[in-house]
Amino acid sequence: MMTIIVAITAGKGAIGRKGDMIYHISDDLRRFKALTTGHTIVMGRRTFESLPKGALPDRRNIVITRNADFTAPAVETAFSLEEALKMAEADGEVFVIGGGQIYAQALPLADKLEITLIEAPDPEDADTFFPPIDPSAWRMTEMTESRPDSRTGIPHRFLTFERVR
């Protein structure tokens with residue numbers, strides 16, 4: 001099963017700017033860790049390079065890159081999303097964690113979406129966006145109440161969608 005996990009703004013679906021997340025929301029980061037720990041995570045090289053401490057612990061890290069010379073501690077590499085998913089075939093639930101190009105490739109293949117919906121304005125300098133979600137292809141199975149982040153006060157809610165089969 002392949003799950004996309006992402007934090008997006010409610011407006012235009014912004015997910016990044018200048019190689020970083022739009023907003024740092026402590027509640028989102030805790031949820032991300034709880035959901036992905038013990039699983040395989042798949043990401044693009046730029047997303048990996050944005051991680052402050054490199055490979056995320058207690059997870060199998062697969063980085064998609066076109067650079068055959070790319071290496072990093074505790075990381076496996078793949079040259080495409082398809083190759084990464086094939087590598088993780090026997091791993092149970094696999095989480096795709098970004099970035100924008102990888103999300104665009106993964107969305108048609110995903111079984112589940114774990115979304116943190118950020119209810120704050122889109123920054124004017126946002127440069128990376130989540131692809132449009134076709135509402136006829138997805139069924140919402142969970143939605144939390146909107147709440148302010150415990151640290152930043154930024155309002156957000158958690159949404160879970162499953163693909164309509």
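Strand β1 sends M2, I4, V6 and I8 to one side and T3, I5, A7 and T9 to the other, with every one of these residues buried. This description, like those that follow, rests on a predicted model. The pattern is a familiar one, since side chains in a regular strand alternate between the two faces of the sheet. Because 8 of the 8 residues of β1 are buried, the strand is largely enclosed by the rest of the structure.

The partners of β1 come next. Strand β7 (residues 94-96) pairs with β1 in the parallel sense, over 3 bridges, and T3 is found opposite F95 of β7. Strand β8 is also joined to β1 in the parallel sense, here over 7 bridges. Within that pairing, I4 has L113 in β8 as its bridge partner. In general, strands of a sheet pair through backbone hydrogen bonds, in either a parallel or an antiparallel arrangement.

Helix α1 (26-36) can be placed relative to these strands through its buried residues, which are S26, D27, D28, R31, F32 and T36. Together, the buried residues of α1 pack against β1, β4 (40-44), β7, β8, β11 (147-148) and β12. An α-helix has 3.6 residues a turn, so residues three or four places apart point the same way. Just beyond α1, G38 adopts a positive phi of about 85 degrees.

An antiparallel arrangement is seen in an open sheet of 3 strands, ordered β3-β2-β9. Here β3 and β9 (128-129) stand at the edges with a single partner strand each, so one side of each has no neighbour in the sheet. Between β2 and β9, which run antiparallel, there are 2 bridges; A14 stands opposite F129, and G16 stands opposite T128. Another 2 bridges connect β2 with β3, again in antiparallel fashion, and R17 faces D20 of β3 across this pairing. Strands β2 and β3 make a hairpin with 2 residues between them, and K18 in the turn has a positive phi of about 50 degrees.

Several of these elements reappear around the pockets. The largest pocket has a volume of about 1400 Å³. It is lined by 44 residues, and those closest to its centre are R46, T47, S50, I97 and G98. Two or more lining residues come from each of β1 (2-9), β2 (14-17), β3 (20-21), α1 (26-36), α2 (45-50) and α4 (100-106). By class, this lining is made up of 17 nonpolar, 16 polar and 11 charged residues.

The second largest pocket has a volume of about 170 Å³. Its lining consists of 14 residues, with I8, T9, G13, L117 and I133 lying nearest the centre. Strands β1, β8 (112-118) and β12 (155-163) each contribute at least two residues to this lining. Thus β1 supplies residues to the lining of the second largest pocket as well as to that of the largest. The residues around the second largest pocket comprise 10 nonpolar, 3 polar and 1 charged.

Two individual positions round off the picture. N61 belongs to strand β5 (residues 60-64). With a relative accessibility of 2%, N61 falls under the 20% limit and therefore counts as buried. A polar atom of the N61 side chain lies 2.9 Å from the backbone oxygen of L56. Leaving aside residues up to four places away in sequence, N61 touches I41, M43, A55, L56, A74, V75 and E76.

A68, in turn, sits in the loop between β5 and β6 (75-78). Its relative accessibility of 62% is over the 50% limit, so A68 counts as exposed. A68 and F79 are separated by 11 residues in sequence, while their C-alpha atoms are 8.0 Å apart in space. The two positions thus offer a simple contrast, with N61 buried and A68 exposed.

Notes. Residues numbered from 1 in each chain as written. Predicted model: local features only at pLDDT ≥ 70, side-chain atom pairs only at ≥ 80, totals over all residues. Heavy atoms only, no water. 1 Å grid on protein atoms, 1.4 Å probe; cavity = no way out; pocket = protein on both sides within 12 Å on 5 of 7 lines; lining within 4 Å. Points joined across faces, edges and corners; volume = space filled by probe spheres on them. Helix = DSSP H or I, 4+ residues; strand = E, 2+ residues; numbered from the N terminus. Nonpolar A, V, L, I, M, F, W, Y, C, P; charged D, E, K, R; others polar. Buried < 20%, exposed > 50% of the residue type's maximum accessible area, 1.4 Å probe, protein only. Polar contact = N/O pair within 3.5 Å; in protein donor to acceptor, adjacent residues only side chain to side chain. Contact = heavy atoms within 4.5 Å. Pairing = 2+ DSSP bridges.
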